[in-house]
Amino acid sequence: MGVLDELNQGARADMAERRVRTPQDELVRRIEALPPTRDPLPAFRAPGIAVIAEVKRSSPSAGALAEIADPAALAQAYARGGADAISVLTEQHRFGGTLADLVAVRARVDIPVLRKDFIVDAYQLYEARAAGADLALLIVASLTDGELAALHATALDLGLTPLVEAHTAEEVRRAVDVGAVLIGINNRNLKTLEVHTATFGRLAPLVPAGVVRVAESGVRTPADVRAFAEAGADVALIGQALVTGGDPVAGVRAMKEAHRG
């Protein structure tokens, strides 16, 4: 079993336990009491390059990165540095995250928040919305065409902006075909965990004009941000470099200033 298959399987098992504790009808009731979601696209389309700063304790490829005892405080620091959105890893086994992290972050920042997880069922989208997310990650490699279309539609119905992630030309085509307006190009192959930063530049031209392009993985330095921007990135999603850099405010600010439109 590959890494992605293992993560998807774990996501299903964890979700089944949560569904017993909190039925979807309860999530719907919580959602009905919430204000509208925040739209990330105006900031993502603004001149320069936008930054999604990630709350990330660990990863399958790098292992433990940072304890992050207070994810909300880290998110606030990112926001002070000029982050345009916050990504919160909510997968618990390999990334050390929980939905409680997302709830805490939502309570302390006013910018859009992304639920980053291995979403394979509509229930997880209802969870994301109920926890206060504005965006949700959909990984093309994890889903059939039918599943991708159904989850994309459900996300939109809930007011969530789907970040549709691709790693190959075929996956970009599938993301475009489903109508995605926000496409992430992941330089990491989730089946092998290898990172090839040339992936973004190779695939970005396949994304139609008007669709926002997000560079994911391998964004370590301001020079990397500049290179991805020159290759067509509108947004850079940055995790490891920020959680290990020591100064999240300055870290985000340096990434934002790396490329001015």
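Mentor: Before we look around, one definition: a residue counts as buried when its relative accessible area is under 20%, and as exposed when that area is over 50%. Keep in mind, too, that this is a predicted model.

Trainee: Got it. How many residues of strand β9 are buried?

Mentor: Strand β9 covers residues 212-216, and four of its five residues are buried, so by that under 20% cut-off the strand is mostly covered.

Trainee: Which strands does β9 pair with, and over how many bridges?

Mentor: On one side there's strand β8 (residues 182-186), which pairs with β9 in the parallel sense over five bridges. Ile-183, for instance, has Arg-213 in β9 as its bridge partner. Then β9 and β10 run parallel as well, joined by three bridges. There you'll find Ala-215 opposite Ala-236 in β10.

Trainee: And what links these strands along the chain?

Mentor: Helices do. From β9 the chain crosses through helix α10 (residues 222-230) to β10, in a right-handed β-α-β crossover. Likewise, β8, helix α9 (residues 198-203) and β9 form a right-handed β-α-β unit.

Trainee: What do the strands build together?

Mentor: A closed barrel of eight strands with parallel pairing, in the order β1-β4-β5-β6-β7-β8-β9-β10. From one strand to the next, the twist averages 25°. To see another pair in it, find β1 (residues 50-55) and β4 (residues 85-89), which are parallel and share four bridges. Val-55 has Val-88 in β4 as its bridge partner.

Trainee: Where does helix α12 pack, and at what angle to β1?

Mentor: Helix α12 (residues 248-257) packs on the sheet, where it touches β1 and β10 (235-238), and its direction makes about 150° with that of β1. Now look at helix α7 (residues 145-157): that one lies across β6 (135-139) and β7 (161-166), at about 150° to β7.

Trainee: How about two helices meeting each other?

Mentor: Try α1 (residues 3-21) and α6 (residues 122-131). Their axes come within 10 Å and cross at roughly 65°, and the crossing is left-handed. From α1 come Ala-11, Met-15, Arg-18 and Arg-19, which meet Tyr-123, Gln-124 and Glu-127 in α6. Sorted by class, that contact has three nonpolar, one polar and three charged residues.

Trainee: One last spot: is Gly-245 buried or exposed?

Mentor: Its relative accessible area is 57%, which is over 50%, so Gly-245 is exposed. You'll find Gly-245 in the loop between α11 (240-243) and α12. Gly-245 also sits 9.8 Å from Arg-220, C-alpha to C-alpha, with their positions 25 residues apart in sequence counted as separation.

Key:
Residues are numbered from 1 along each chain as its sequence is written. This is a predicted model: local features need pLDDT of at least 70, side-chain atom pairs count only at pLDDT 80 or more; totals for chains, interfaces and linings use all residues. Side-chain values use heavy atoms; hydrogens and water are left out. Two strands pair if DSSP finds at least two bridges between them. Axes are lines fitted to C-alpha atoms, for helices over the stretch in contact, and angles run from 0 to 180 degrees between N-to-C directions. Contact means heavy atoms within 4.5 Å. Buried means under 20% relative accessible area, exposed over 50%, partly exposed in between (1.4 Å probe, protein chains only). A crossing is left-handed if the near helix is turned anticlockwise from the far one by less than a right angle, and right-handed if clockwise. Ala, Val, Leu, Ile, Met, Phe, Trp, Tyr, Cys and Pro count as nonpolar, Asp, Glu, Lys and Arg as charged, and the others, Gly among them, as polar. A crossover is right-handed if, with the strands pointing away from the viewer, the path from the first strand over the helix to the second runs clockwise.
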